[in-house]
Amino acid sequence: MIWLATRLAFHNRARFIVTLLGVVFSAYLTLTETALYIGMMENATSIIRHAGADLWVASKGVQNFDFAKPFPDDRAKTLQSRAEFLWAKPISLSWGFLKLRDGAQELVEIIGYDPRAPVGGPWEMASGAPADVAGGDRMIVDESAAQRLGELRLGSSWEVNDRPIKLVGLSRGARTFTTAPIVFTSYDLAQEMTPNISRRATAAYIAIKLRNPKDAERVAKALRGELKENEILTTAAFVDRTVLYWTVQTGMGAAFCLTAILGLIVGAGTIGQTIYANTMEHLGEFATLKAMGASARDLDTIILAQAGIDAGLGFGFAAPLALLSKAPLETMGVTLAIGPLLLAGLFCVTLVSALVAAYVSIRRVQKLDPATVFRSQ
Amino acid sequence: MKPLLEARALTKHYEQGTMTVAAVEGVSFTVSGGEIALIIGPSGSGKSTLLSMLGCILRPTSGAILLAGHEVSNLPDRDLPRIRRRCFGFVFQSFHLFPFLTARENVETALRLRKISADARRRRSADLLEACGLEDRMDFYPASLSGGEKQRVAIARALAGDPFILLADEPTASLDSANGELIFEMLRRFAKKDGKAVVMASHDPSARGYADRIHAIVDGRMTEIGPIN
Ligand SMILES: Nc1ncnc2c1ncn2[C@@H]1O[C@H](COP(=O)(O)OP(=O)(O)OP(=O)(O)O)[C@@H](O)[C@H]1O
Ligand SMILES: [Mg+2]
């Protein structure tokens, strides 16, 4: 009966094309909005997820990675010696101004980490190595910043907070929600560059790598008892908190959600309307099929398959379109996170909403009296 | 011979506002394999109503329908499509071909409903259309077929599922007499060769020559049952 559905769907070609355009547009909207949101959340949590830490010691009440209140870093030294920790390293986070070639200033997020430890620094390098920032005025900048900062040539010299600093490496995939370029330096250099009222060194976080990552919850609990002025978060909890902050506190989640849902509704509405128009136009044929002995299942299949065809083809065109817009958007600094999981998930949602939209037509045909075929047209 | 199809005191009343229309009133009637029964009667006398009840498309207000001795009029709604598929072929008063399908696809639809394989479908639809003299019209859409051709496609579609009983409502309406005779000839072949039953309603005087029995219906009542020879 799917065959009959295809014939019915394609019979009125103009209607089919208009429907397809509507579905492609709305599926594209839903897809890009969702991918945009996920991309932003991935950026907002990229350092947390990739820093190589199982636990994070932060100041109390921390809401997201980028807004961190510094605290004295001497705690890191006491934690360092604990047997269950592989590493416990302070990470600093501060904001600085980087002078561009044309003299303009760009706000950058400076992450200071211990170049000898495998926690807290860049995790993927386009060139150079995380250890290259050791011993001096050196920095690693994320390659994605080229769009804001201009050509990032290794060995070139830049000025951050009026201090000349040499570019020794390019990281990959290190971004923040704020879209400010990320500059990695050694922890010591970061301390020197950051104006600090107290004379003690301050950390934004202490990143802890456990010998046994499965212990994270238990160790976190123990640490909470000891470090009463700090907040102890597992990596997963810190990711959740950051996502929650940007999603809820800023109202951004609601905005994206609304657009994505509107896209879905427009798509489902278009499909539902077209199928209803098709059904009403062909009520006579449905009655004939019923009289000829088509089962309720046959008839449902004909209608649902039309919804499936519309949704499938619409999504089938929208998905490559969204994938094609990924690269151009990326050069504009916008991350579109379209993975197979998102595509599969949104396809299912689109399909289900199309099938639901076909329900009115199914009811109409169920109620249809086949005896009408014995009366004239 | 045991009748293939039997109607016992069939009645259909339509509620039309405060009025009750007695479309069919206490009609009893049988038809056996190999027989062509003709129902004649003026317009509005209840022929179509009777046929749709016989074909399990319309539920009677009272009375019973028996298929090969088994009562089917008391079966629940969900069982009726299967009965229609298995036992009946329908030719409707106004063709009711699928406009978005070619002649051949129209015929194949009846086979698809019966889950016949693609190979068998192709063969059977070609054979039937050829038997109806439509071998060079198979890929035409109904819109580009003449009235007679449409009617023949409708008959090929009704015969496709190899039914026991063919119910035909005015199968020659709007056809000239030559085309009409062609159709009646096809129906006779179907009844006589395969021992199937045909019940047809027709105004066409030439139909009488093909019928084994004639039933006249006036105002919903069968008034005369006459074997012609
Ligand atoms: N759904 C319905 N609701 C109300 N009345 C109906 C309905 N269907 C048929 N009737 C009435 O029942 C009577 C019989 O109708 P039917 O269509 O069976 O006549 P017919 O003999 O087939 O006529 P024709 O030769 O014009 O096709 C008519 O008076 C008609 O108005
Ligand atoms: Mg009639």
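This report covers the ligand and metal sites, the open and enclosed spaces, and two local features of a predicted model.

Local features need pLDDT of at least 70 and side-chain atom pairs count only at pLDDT 80 or more, while totals for chains, interfaces and linings use all residues. Residues are numbered from 1 along each chain as its sequence is written, chains are lettered from A and ligands numbered from 1 in the order in which they are written, and side-chain values use heavy atoms, with hydrogens and water left out.

## Ligand 1 and the magnesium ion

Residues from chains A and B surround ligand 1, so this site is shared between chains. A residue is near a molecule if one of its heavy atoms lies within 4 Å of it. There are 14 residues around ligand 1, and Ser43(B), Gly44(B), Lys47(B), Ser48(B) and Thr49(B) come nearest.

Three side chains of chain B are listed below with their polar contacts to ligand 1. A polar contact is a pair of N or O atoms within 3.5 Å; within protein, one must be able to donate a hydrogen and the other to accept it, and residues adjacent in sequence count only if both atoms are side-chain atoms.

| Residue | Partner | Distance |
|---|---|---|
| Ser43(B), polar side-chain atom | oxygen atom of ligand 1 | 2.5 Å |
| Ser48(B), polar side-chain atom | oxygen atom of ligand 1 | 2.8 Å |
| Gln93(B), side-chain N or O atom | oxygen atom of ligand 1 | 2.9 Å |

Ligand 2 is a magnesium ion. Its protein donors are Ser48(B), through OG, and Gln93(B), through OE1, at 1.9 to 2.6 Å. Donors are N, O and S atoms within 2.8 Å of the metal (3.2 Å for Na, K and Ca); water is not among the atoms, so sites may look incomplete. The two donors link distant parts of the chain, 45 residues apart. Ser48(B) belongs to helix H1 (residues 47-54) of chain B. Gln93(B) sits in the loop between strand S6 (88-91) and helix H3 (103-113) of chain B. Helices (H or I, at least four residues) and strands (E, at least two) are DSSP runs, numbered from the N terminus.

Burial is graded by relative accessible area: buried is under 20%, exposed over 50%, partly exposed in between (1.4 Å probe, protein chains only). Ser48(B) is buried at 17%. Gln93(B) is partly exposed at 26%.

## The largest pocket

On a 1 Å grid over the protein atoms alone, a pocket is an open set of points with protein on both sides within 12 Å along at least five of seven lines, a cavity is a set where a 1.4 Å probe fits but cannot get out, and lining residues have an atom within 4 Å of a point. Grid points are joined across faces, edges and corners, and a volume is the space filled by probe spheres set on the points.

The largest pocket has a volume of about 580 Å³. It is lined by 27 residues, with Pro370(A), Asp77(B), Leu80(B), Pro81(B) and Arg84(B) closest to its centre. Helix H10 (296-331) and helix H12 (359-367) of chain A, together with helix H2 (80-87) of chain B, each give two or more residues to the lining. H2(B) gives the most, five residues. The lining divides into 15 nonpolar, three polar and nine charged residues. Here Ala, Val, Leu, Ile, Met, Phe, Trp, Tyr, Cys and Pro count as nonpolar, Asp, Glu, Lys and Arg as charged, and the others, Gly among them, as polar.

## Enclosed cavities

How many cavities of 30 Å³ or more are there? The count is three.

The largest cavity holds about 80 Å³ of space. Its lining includes Met292(A), Phe88(B), Arg114(B) and Arg157(B). S6(B) supplies the largest share, three residues. By class, the lining has six nonpolar, one polar and two charged residues.

The second largest cavity holds about 60 Å³. Val23(A), Gly263(A) and Thr350(A) are among its lining residues. Helix H2 (13-50), helix H8 (252-281) and helix H11 (340-357) of chain A each supply at least two residues. H8(A) has the largest share, five residues. This lining has six nonpolar, six polar and no charged residues.

## Two local features of chain A

Helix H9 (residues 283-291) of chain A is largely enclosed by the rest of the structure, because eight of its nine residues are buried. Among them are Leu283(A), Glu285(A), Phe286(A) and Lys290(A). Just after H9(A), Gly293(A) takes a positive phi of about 105°.

Asp102(A) lies in the loop between strand S3 (85-99) and strand S4 (105-113) of chain A. Asp102(A) is exposed, at 65% relative accessible area. Its side chain reaches the backbone nitrogen of Ala104(A) at 3.0 Å.
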